[in-house]
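This report looks at one helix and its surroundings, and then at charged side-chain pairs in the chain.

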Amino acid sequence: MEKAEILAQLQQNPETIDRLVYQAVFEKRGLLNVLHETLNDLGFRGYSIYPLYREFSKKFLGFTVPAINIRGMTYDIARSIFRTAKRLKAGAFIFEIAKSEIGYTKQPPLEYATVILAAAFRENYRLPIFIQGDHFQLNRKSFFANPEREKENLKNLIKEAISAQFYNIDIDASTLVDLEKEDVFEQQRYNYEVTAEFCDFVRENEPNGIKVTLGGEIGEIGSKNSTPEELRAFMKGLNQSLKKGEGISKISVQTGTTHGGVVLPDGKIAEIKLDFNTLRELSKIAREEFGLAGAVQHGASTLPEEYFSLFPENECVEVHLATGFQNLLYDHPALPSEFRQTIYQYLKDNFKQEWKEGMSEAQFIYKIRKKGFGAFKKEWWDLDLGVKKAILEDMEKLLEKIFLRLNLKDTENLIKDLFNL
């Protein structure tokens with residue numbers, strides 16, 4: 001299908017996008033490129049959030065930017081996010097997907113970006129759309145076995161992501177931190193040297209006129225809490241190692257969370273003791289001493305609702321949310337139980353090697369069910385419209401609560417001003 005034909009169909013009936021994006025994802029993969037280009041021509045494209053984060057580096061602006069990982073029902077959930085944003089006049093939020101998620105959800109960068117842009121078109125969302133590569137990470141074992149091969153693999157993914165308009169990328173070399181070293185600079189050495197190399201690589205490969213927003217990470221999520229000494233060591237080492245100009249705009253820190261939360265044997269989520277004092281201190285150091293937008297919090301979507309207002313209160317610039325939305329999908333009463341059980345049986349049959357000794361079935365299912373999105377991507381998309389309506393209504397209620405607590409309401413004028421819209 002040619003671009004002119006797609007353009008004519010969309011101009012005649014915007015709802016045609018529903019069929020076109022479905023065909024691009026499931027039937028005619030070659031359509032993804034053409035659809036992506038057509039949406040660009042219509043004014044729907046990826047942006048770098050850099051102008052906003054440059055403002056954050058001068059002073060905290062009073063709100064926290066949510067970065068949302070969508071693992072399943074991507075088109076429908078993206079539409080819900082855009083609807084919520086329009087209703088609240090919110091303009092500062094990010095769609096992201098991690099390197100690992102690209103694999104197990106079967107959503108390569110071009111597909112993910114095209115689906116997000118199609119959702120924006122469907123909802124006529126006219127503000128900048130921020131798409132981010134989350135945890136573009138180096139595997140520790142693979143890196144130390146063959147560092148050049150591991151780096152080359154990640155560089156190929158970065159090039160693929162940038163070509164799909166992922167103009168925000170979080171480089172995660174925190175997996176290379178060696179806490180057995182006594183000196184904090186030596187602990188962080190591999191982290192800051194490799195992060196600097198990837199910052200330079202992005203600067204060499206970003207399109208003319210676009211500054212990709214980059215993030216780094218000083219503590220692997222789920223490990224010990226980050227410290228001011230680690231932040232200063234990483235940033236000083238990073239800045240000394242850069243060769244191509246500007247490095248990162250934000251820094252991810254560990255303050256007590258873990259991805260997905262900690263699940264108890266009965267399947268309930270354990271209460272998390274998040275260290276907001278550390279988050280505030282590290283964000284302040286990042287901004288005042290190194291000119292960054294601030295600190296980023298991962299693994300927060302399973303926190304109690306009342307916690308979300310504490311992120312802007314403690315000057316956190318960005319918070320990453322994934323598992324809470326996944327849980328809403330899987331646990332929603334409208335989701336047919338036979339569909340849920342079909343996925344769970346698939347997981348038990350195909351990932352039994354990840355069922356560790358002492359782990360209850362509820363713990364295993366909770367840990368592994370994120371891998372039920374890729375194998376059943378089409379089935380999630382094809383759910384009965386009534387089922388999806390019930391799920392998405394509750395999804396929007398959750399999104400609205402989070403957006404309000406993060407102080408995103410009425411941020412669209414700021415975004416319009418910063419991006420000259």
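The text below covers helix burial and then salt bridges in this predicted model.

**Helix α3 and its cover**

Helix α3 spans residues 31-41. Its buried residues are Leu-31, Leu-32, Val-34, Leu-35, His-36, Thr-38 and Leu-39. Which helices are included in the cover over these buried residues? Among the covering elements are α1 (3-12), α2 (16-26) and α7 (109-122). Just after α3, the backbone at Gly-43 adopts a positive phi of about 100°.

**Salt bridges**

How many salt bridges does the structure hold? The count is 39. Three of these pairs are set out in the table, each with its N to O distance.

| Basic residue | Acidic residue | Distance (N to O) |
|---|---|---|
| Arg-29 | Glu-111 | 2.7 Å |
| Lys-58 | Glu-55 | 3.0 Å |
| Lys-378 | Asp-382 | 2.9 Å |

The salt bridge between Arg-29 and Glu-111 links distant parts of the chain, with its partners 82 residues apart. Arg-29 sits in the loop between α2 and α3, while Glu-111 belongs to helix α7. Helix α7 is also one of the elements that cover the buried residues of α3. Are the two partners buried or partly exposed? Arg-29 counts as partly exposed because its relative accessibility is 39%, whereas Glu-111 counts as buried because its value is 2%. The cut-off behind this assignment is 20% relative accessible area, under which a residue is buried.

Lys-58 and Glu-55 form a salt bridge within one helix: both lie in α4 (residues 50-58), 3 residues apart, or about one turn of the helix. An α-helix has 3.6 residues a turn, so residues three or four places apart point the same way. Lys-58 is exposed, with a relative accessible area of 59%. Glu-55 is partly exposed, at 23%.

In the third pair, the side chains of Asp-382 and Lys-378 meet at 2.9 Å, N to O. Asp-382 has a relative accessible area of 39% and is therefore partly exposed. Lys-378 is partly exposed as well, with a relative accessible area of 38%.

Which residues are joined into one network by salt bridges that share partners? The network consists of Arg-79, Arg-83, Arg-87, Glu-123, Glu-396 and Glu-400.

Methods: Residues are numbered from 1 along each chain as its sequence is written. This is a predicted model: local features need pLDDT of at least 70, side-chain atom pairs count only at pLDDT 80 or more; totals for chains, interfaces and linings use all residues. Side-chain values use heavy atoms; hydrogens and water are left out. Buried means under 20% relative accessible area, exposed over 50%, partly exposed in between (1.4 Å probe, protein chains only). Helices (H or I, at least four residues) and strands (E, at least two) are DSSP runs, numbered from the N terminus. Contact means heavy atoms within 4.5 Å. A salt bridge is a side-chain nitrogen of Lys or Arg within 4 Å of a carboxyl oxygen of Asp or Glu.
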